[in-house]
Amino acid sequence: MEERRIALLGATGSIGRQALEVIAANPELSVCALSSHSQPLDALAAEHGVERVQVGGDLTDLLEASAPDLVLNAVVGFAGVGATLWALEHGVTLALANKESLVAAGDLAIAAWKRGGGLLFPVDSEHSAVFQCLEGRASETIDSVVLTASGGPFRNHSRADLESVTVEEALAHPTWSMGPKITVDSATLANKGLELIEAHFLFDLPYERIEVVVHPTSVVHAFVRFRDGAAFAHLGYPDMRVPISFALTFPDRRPTAVPALDFSTGLTLEFEPPDPERFPLLPLAREAGERGGTYPCAFNAANEVAVAAFLDGKIGFLDIATLVEDALAGVDGTPARDLATLVEADADARRLAGGRLAAA
Ligand SMILES: NC(=O)c1ccc[n+]([C@@H]2O[C@H](COP(=O)([O-])OP(=O)(O)OC[C@H]3O[C@@H](n4cnc5c(N)ncnc54)[C@H](OP(=O)(O)O)[C@@H]3O)[C@@H](O)[C@H]2O)c1
């Protein structure tokens with residue numbers, strides 16, 4: 001493998017720290033830039049010999065200055081859009097954990113990717129799994145894609161139970177250890193909704209050919225059904241170091257610290273359909289995706305506001321979906337022409353959701 005200088009955006013987060021572990025295990029990988037939002041980076045920079053660090057500010061300035069071979073975008077939320085578009089437009093290899101940027105700016109991102117002509121590796125485990133099952137086969141060979149969802153900590157809760165769940169309970173994910181926003185998104189299934197939209201853009205598939213299935217042990221990350229009747233699955237213990245390493249060391253598939261599947265201790269593979277009544281954010285995301293334009297951007301923005309309010313103890317768990325549904329009903333979903341339109345759509349949806357929040 002040739003040497004790769006990596007710009008690691010969101011270095012202080014759950015993905016960022018696991019990425020540093022993967023980078024340290026592969027001598028050809030080095031870090032040329034680190035970013036965070038508010039946490040200091042001096043210690044990480046010293047430990048990994050990084051020259052350029054940036055706390056807050058415009059991430060594209062850091063990317064311009066550091067001229068990386070690969071950008072790992074592990075920022076959380078809409079704040080990652082600019083960096084995603086920069087990497088795709090410049091043809092710089094992008095390892096994308098920041099799914100929100102592809103949800104909010106999917107049309108623009110795909111157009112920039114085509115112009116830039118670089119590589120795009122999904123870091124989301126389900127999308128990395130689909131990518132690996134596809135091995136570059138054209139989208140017309142695919143019958144459909146199935147994304148698995150653990151179902152989160154409230155998989156067996158009734159709607160009445162969901163009314164009183166706490167932030168602490170929502171943050172106790174049964175299979176994955178992740179940052180707070182995505183952990184709440186996993187509990188509401190909004191995360192799978194975001195992934196549905198992400199898969200639509202990444203794999204150029206219409207929504208009716210992307211299915212979500214609940215699979216509590218998170219051992220199967222995704223299936224691809226092909227048009228000849230064969231289905232491929234990607235299995236492994238739920239550990240993000242596998243998709244991170246795949247993206248950073250492609251096509252080498254370097255060793256990781258993650259053990260191989262062990263059948264001697266037993267393996268449970270159960271699947272069930274998701275329940276739209278208890279987890280309405282999944283069908284809401286599908287609807288936003290199908291409507292297109294700036295609807296997915298608005299879905300994402302309202303969800304970010306609602307999750308932050310839930311984490312702050314301002315609203316209950318079920319209010320997250322209500323807030324997003326109300327905000328979506330108030331936006332016009334204009335076409336996503338350029339970044340300025342998206343920034344405006346994001347701000348509008350945040351204002352709407354914020355207004356509903358204040359009135360609640
Ligand atoms: N964690 C997982 O296992 C996992 C799996 C699949 C996909 N993802 C996706 O990966 C992304 C990161 O998730 P995470 O769990 O690693 O999140 P996280 O632990 O909350 O870390 C987020 C990182 O982004 C930075 N950040 C926060 N707000 C920012 C802003 N406004 N501008 C620039 N940087 C900002 C944070 O900096 P500070 O520390 O300074 O706040 C931190 O470095 C998300 O899009 C998530 O959906 C995560």
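Where is the place of proline 251, to start the tour? Select proline 251 and you land in the loop between H12 and H13; helices here are DSSP runs of H or I with at least four residues, strands are runs of E with at least two, and both are numbered from the N terminus. Now add phenylalanine 250: a cis peptide bond joins phenylalanine 250 and proline 251, with omega at about 5°.

Before going on, a word on what is on screen. This is a predicted model, where local features need pLDDT of at least 70, side-chain atom pairs count only at pLDDT 80 or more, and totals for chains, interfaces and linings use all residues. Residues are numbered from 1 along each chain as its sequence is written, and side-chain values use heavy atoms, with hydrogens and water left out.

**Along the loop to a surface patch**

Go next to phenylalanine 271, in the loop between helix H12 (241-249) and helix H13 (281-291). Phenylalanine 271 has 38% relative accessibility, so it counts as partly exposed (buried is under 20% relative accessible area, exposed over 50%, partly exposed in between, with a 1.4 Å probe and protein chains only). Add Leu235 and Leu269: with Phe271 they make a nonpolar surface patch of about 240 Å². Patch members have over 30% relative accessible area and no salt bridge; nonpolar side chains (Val, Leu, Ile, Met, Phe, Trp, Tyr) are joined within 5 Å, like charges within 9 Å. Areas come from the Shrake-Rupley method with a 1.4 Å probe, and for residues only the protein chains shown count as cover.

**The ligand**

Now select the ligand and whatever has a heavy atom within 4 Å of it. You should get 24 residues, the closest being Thr12, Ser38, Gln39, Glu100 and Gly179. Helix H1 (14-24), helix H5 (99-104) and helix H10 (180-188) each supply at least two residues of that shell.

For polar contacts with the ligand, look for pairs of N or O atoms within 3.5 Å. A polar backbone atom of serine 38 is 2.7 Å from a ligand oxygen, while glutamine 39 brings a polar side-chain atom to 2.8 Å from an oxygen of the ligand. Taken alone the ligand exposes 900 Å², and the protein buries 87% of that.

**Salt bridges**

Next, color the charged side chains. There are 22 salt bridges, each a side-chain nitrogen of Lys or Arg within 4 Å of a carboxyl oxygen of Asp or Glu.

Try glutamate 195 and lysine 99, whose closest N and O atoms are 3.1 Å apart. Glutamate 195 is in helix H11 and lysine 99 in helix H5, so the pair ties together parts that are 96 residues apart in sequence. Glutamate 195 is buried at 1%, and lysine 99 is buried at 3%. Widen the selection to Lys99, Asp124, Glu126, Lys192 and Glu195, and you have a network of salt bridges.

Then hop to helix H10, where lysine 181 and aspartate 185 sit four residues apart, about one helical turn. Their side chains meet in a salt bridge (2.8 Å, N to O).

**Two backbone oddities**

Most residues other than glycine have a negative phi. Alanine 67, in the loop between helix H3 (59-66) and strand E4 (70-73), has a positive phi near 40°. Finish at aspartate 204, where phi is positive at about 55°; aspartate 204 lies in the loop between helix H11 (190-203) and strand E8 (210-214) and is exposed at 59%.

Technical notes: A polar contact is a pair of N or O atoms within 3.5 Å; within protein, one must be able to donate a hydrogen and the other to accept it, and residues adjacent in sequence count only if both atoms are side-chain atoms.
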